[in-house]
Amino acid sequence: MRNLFSKSTWLIFSSIIVLLASQPSYGALVVLYDGSGLPASQPWLSFAALGGVSQQTSVAGGVNLQTDLAVSAGYSNYLLPNIPKNAAFPSLNSNLGFELAFTLSVNTENHTSTDRAGFSAIILGSDRKGIELGFWTNEIWAQASTPLFQHAEGVAIDTTSRRDYRVQITNNSYTLFDGANALLTGSTRDYTAFGSFPYTQANFLFLGDDTSRGAADITLGRVTLQSNLTSVPEPTSLALLTCTLLLRMQRVRRMGLLSRL
């Protein structure tokens, strides 16, 4: 009995080990900002302002950032070109997929050009391709790469409400979500024709006012980054794993290895 038990047990557990080992690993989830205090007081994001007047204030559930038309100010994972705030920042491989999620309300916004916004989200992968999205109070829209930095596809939406956005990039496309609802999708862009930082920087993120032709009052909440999206097992894969193990156990029983336990 002991020999039969050890053989059958080894067969079952070796099957489990092999199947689990063959499952892809979960991608890295990084909390870039947990929604308390100022983002730059945490390990992943820096704050910078250039010209004009800006003010950031810690508020319940996030940070309030106010900018005028003369300033560019916001939060990035870089301190300077090629110098990330945190060297452990993950590589953003578009073939594997990645996602930037953030909670945001655009309280007020104004712009002097229809090709500019007082708040923008930029996410660029390891290949320097990605998307820049401009946020008005009534629309979210993409910046074109040809012609460079002109108003492209957009979606009408009230951004003054606090919403949980997700920008997901896979291969050569992006999708903007509000919670589980897909709002906007399109091709990723190559902005490297700009010729300098930040659009020539790989693995780059920015949330804020990046233009002297836009201004905003926004409240930014929790910010997270999920890399390697396609390596995360879907629920159907986990169910398939369970069924496979059960079938193998039944096969062992039919072979008689468990009949005398």
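1. A residue is called buried when its relative accessible area is under 20%, exposed when that value is over 50%, and partly exposed in between. With a relative accessible area of 25%, N228 therefore counts as partly exposed. The structure discussed in this note is a predicted model, and the points below should be read with that in mind.

2. The backbone at N228 deserves a second look, since the residue has a positive phi of about 55° although it is not a glycine. N228 is found in the loop that runs between strand β18 (214–227) and helix α2 (235–254). N171 also has a positive phi of about 55°, and it is likewise not a glycine. N171 lies in the loop between β13 (163–170) and β14 (173–178), and its relative accessible area of 39% makes N171 partly exposed.

3. Where do cis peptide bonds appear in the model? One of them joins T146 and P147, with omega at about -10°, and P147 sits in the loop between β11 (139–145) and β12 (148–156). Another cis peptide bond joins F197 and P198, where omega is about 5°, and P198 is placed in the loop between β16 (189–190) and β17 (204–209).

4. Turning to the interior, the largest nonpolar core has 46 residues, and the members that touch the most other members are L32, F102, L104, I131, L133, F135 and L220. As general background, nonpolar side chains tend to be buried together in soluble globular proteins. To see the surroundings of one of these core residues, take L133: when its neighbours within four places in sequence are left aside, L133 is in contact with F119, S120, A121, I140, W141, A142, V167, Y174, L176 and L184.

5. The structure holds 15 aromatic pairs. In one of them, the rings of Y78 and F204 have centres 6.1 Å apart and planes at 35°, so the pair is tilted. This pair links distant parts of the chain, because Y78 belongs to strand β6 and F204 to strand β17, 126 residues apart. Both partners are covered by the definition of buried, as Y78 has a relative accessible area of 10% and F204 has one of 2%.

6. A further aromatic pair is formed by F149 and F194, whose ring centres are 5.7 Å apart and whose planes stand at 65°, so the pair is edge-to-face. Here too distant parts of the chain are linked, with F149 in strand β12 and F194 in the loop between β16 and β17, 45 residues apart. Is each partner buried or partly exposed? F149 counts as buried at 11% relative accessibility, whereas F194, at 40%, counts as partly exposed.

7. Some rings are joined into a group, for ring pairs link F102, F119, F135 and Y165 into a cluster. This cluster can be read together with the core described above: F102 and F135 are among the residues that touch the most other core members, and F119 is one of the contacts of L133.

8. Finally, the surface also has a nonpolar feature, a patch formed by L79, L80 and I83, which together have about 280 Å² of accessible area. L79 is placed in strand β6, which covers residues 78–80. Y78, the ring partner of F204, is in strand β6 as well, but Y78 is buried, with a relative accessible area of 10%.

Definitions and conventions: Residues are numbered from 1 along each chain as its sequence is written. This is a predicted model: local features need pLDDT of at least 70, side-chain atom pairs count only at pLDDT 80 or more; totals for chains, interfaces and linings use all residues. Side-chain values use heavy atoms; hydrogens and water are left out. Patches are made of residues with over 30% relative accessible area and no salt bridge: like charges are joined within 9 Å, nonpolar side chains (Val, Leu, Ile, Met, Phe, Trp, Tyr) within 5 Å. Accessible areas come from the Shrake-Rupley method with a 1.4 Å probe; for residues, only the protein chains shown count as cover. A salt bridge is a side-chain nitrogen of Lys or Arg within 4 Å of a carboxyl oxygen of Asp or Glu. Helices (H or I, at least four residues) and strands (E, at least two) are DSSP runs, numbered from the N terminus. A nonpolar core is a set of buried Ala, Val, Leu, Ile, Met, Phe, Trp, Tyr and Cys residues joined through side-chain atoms within 4.5 Å. Buried means under 20% relative accessible area, exposed over 50%, partly exposed in between (1.4 Å probe, protein chains only). Contact means heavy atoms within 4.5 Å. Rings of Phe, Tyr and Trp (its six-membered ring) pair if their centres lie within 6.5 Å; planes under 30 degrees apart count as stacked, over 60 as edge-to-face and the rest as tilted.
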